Amino acid sequence: MDNNLTDDDVRRIAERAKLGFDADGFAAMTKHLRKQAKIFELFDTVNTDEIPPMCFAVDIHNATRADEVLPSFSSERILACAPETDSGFFTVPRSAE
């Protein structure tokens, strides 16, 4: 694959990223993006036929505790602290029409 990242491509990328450049900044960004594109082209040369798909580069495990029901306050006790309730729910001011 040839690195044919054009100036128009760089302008489009900059617009989508909401970036503004002067002439020197644009030239530097173009050079940087073309260099990055060459690095990504190297990935096309790597044979990955025998590598299974994976989500993470390292083996990870869920380190959180298991869910378990613990004693808590009753809904009635919590709602008793609320300034306003309606049918067992908190009443809050409308935030959108």
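## Reading a spread-out predicted model

Trainee: Is Cys55 exposed or buried?

Mentor: Cys55 is exposed, because its relative accessibility is 74% and the cut-off for exposed is over 50%. Keep in mind that this is a predicted model.

Trainee: What about Cys81, exposed or buried?

Mentor: Cys81 also counts as exposed, with a relative accessible area of 68%.

Trainee: How many disulfides does a search of the whole structure find?

Mentor: Zero. The test asks for two cysteine sulfur atoms within 2.5 Å. No pair in the whole structure passes it.

Trainee: Let me step back to the fold. How many helices and strands are there in the protein?

Mentor: Three helices and two strands. Read from the N terminus, the order is α-α-α-β-β. The radius of gyration is 28 Å, well over the 13 Å that the globule rule gives for 97 residues, so the protein is more spread out than a compact globule.

Trainee: What does the C-alpha trace span along its principal axes?

Mentor: About 70 × 45 × 20 Å.

Trainee: What share of the 97 residues counts as buried?

Mentor: 9% of them. Buried needs under 20% relative accessible area. The accessible surface of the protein is about 9500 Å², and carbon and sulfur atoms hold 56% of that.

Trainee: Which share of the contacts with a separation of 6 or more comes from residues 24 or more positions apart?

Mentor: That share is 35%.

Trainee: Now the charges. How many salt bridges does the count come to?

Mentor: First the general idea. Side chains of opposite charge can pair when their charged atoms come close. The cut-off here is 4 Å from nitrogen to oxygen. The count comes to three.

Trainee: How far apart are the closest N and O atoms of Arg34 and Asp7?

Mentor: They are 3.4 Å apart, and the two residues form a salt bridge. This pair links distant parts of the chain, 27 residues apart: Arg34 sits in helix α2 (residues 23-43) and Asp7 in helix α1 (residues 7-16). Arg34 is partly exposed at 31% relative accessibility. Asp7 is partly exposed too, at 34%.

Trainee: Where do Arg11 and Asp8 lie?

Mentor: In helix α1, three residues apart, so about one helical turn separates them. Their closest N and O atoms are 3.2 Å apart, which makes a salt bridge. Arg11 has 39% relative accessibility and counts as partly exposed.

Trainee: What is the N to O distance for Asp9 and Arg12?

Mentor: It is 2.6 Å, and their side chains meet in a salt bridge. Asp9 and Arg12 are also three residues apart in helix α1, so they too are separated by about one helical turn. Arg12 is partly exposed, at 39% relative accessibility.

Trainee: Next, rings. How many aromatic pairs does the structure hold?

Mentor: A pair of aromatic rings is described by the distance of the centres and the angle of the planes. This structure holds one such pair. It joins Phe40 and Phe43, with 5.7 Å between centres and 55° between planes, and it is tilted. An edge-to-face label would need over 60 degrees.

Trainee: Where do Phe40 and Phe43 lie?

Mentor: Both are in helix α2, three residues apart, about one turn of the helix. Phe40 and Phe43 are both exposed.

Trainee: Which backbone angle stands out at Lys18?

Mentor: Its phi. Lys18 is not a glycine, yet its phi is positive, about 55°. Lys18 is in the loop between α1 and α2. Its relative accessibility is 75%, so it counts as exposed.

Trainee: And what is the phi of Ser87?

Mentor: Ser87 has a positive phi of about 55°, and it is not a glycine either. Ser87 sits in the loop between β1 (85-86) and β2 (89-90). At 67% relative accessibility, Ser87 is exposed.

Trainee: Last, the loop between α2 and α3. Where is Arg65 found?

Mentor: Arg65 is in that loop, between α2 and α3 (75-80). It is exposed, with a relative accessible area of 62%. Its C-alpha is 44 Å from that of Leu33, 32 residues away along the chain.

Trainee: And what is the place of Val46?

Mentor: Val46 also lies in the loop between α2 and α3. Val46 is partly exposed, at 47% relative accessibility. Val46 and Arg16 are 30 residues apart in sequence, and their C-alpha atoms are 30 Å apart in space.

Conventions. Residues numbered from 1 in each chain as written. Predicted model: local features only at pLDDT ≥ 70, side-chain atom pairs only at ≥ 80, totals over all residues. Heavy atoms only, no water. Helix = DSSP H or I, 4+ residues; strand = E, 2+ residues; numbered from the N terminus. Buried < 20%, exposed > 50% of the residue type's maximum accessible area, 1.4 Å probe, protein only. Phe/Tyr/Trp six-rings, centres within 6.5 Å; stacked < 30°, edge-to-face > 60°. Rg over C-alpha atoms; globule rule 2.2 N^0.38 Å. Contact = heavy atoms within 4.5 Å. Areas by Shrake-Rupley, 256 points an atom, 1.4 Å probe, with all protein chains shown as cover.
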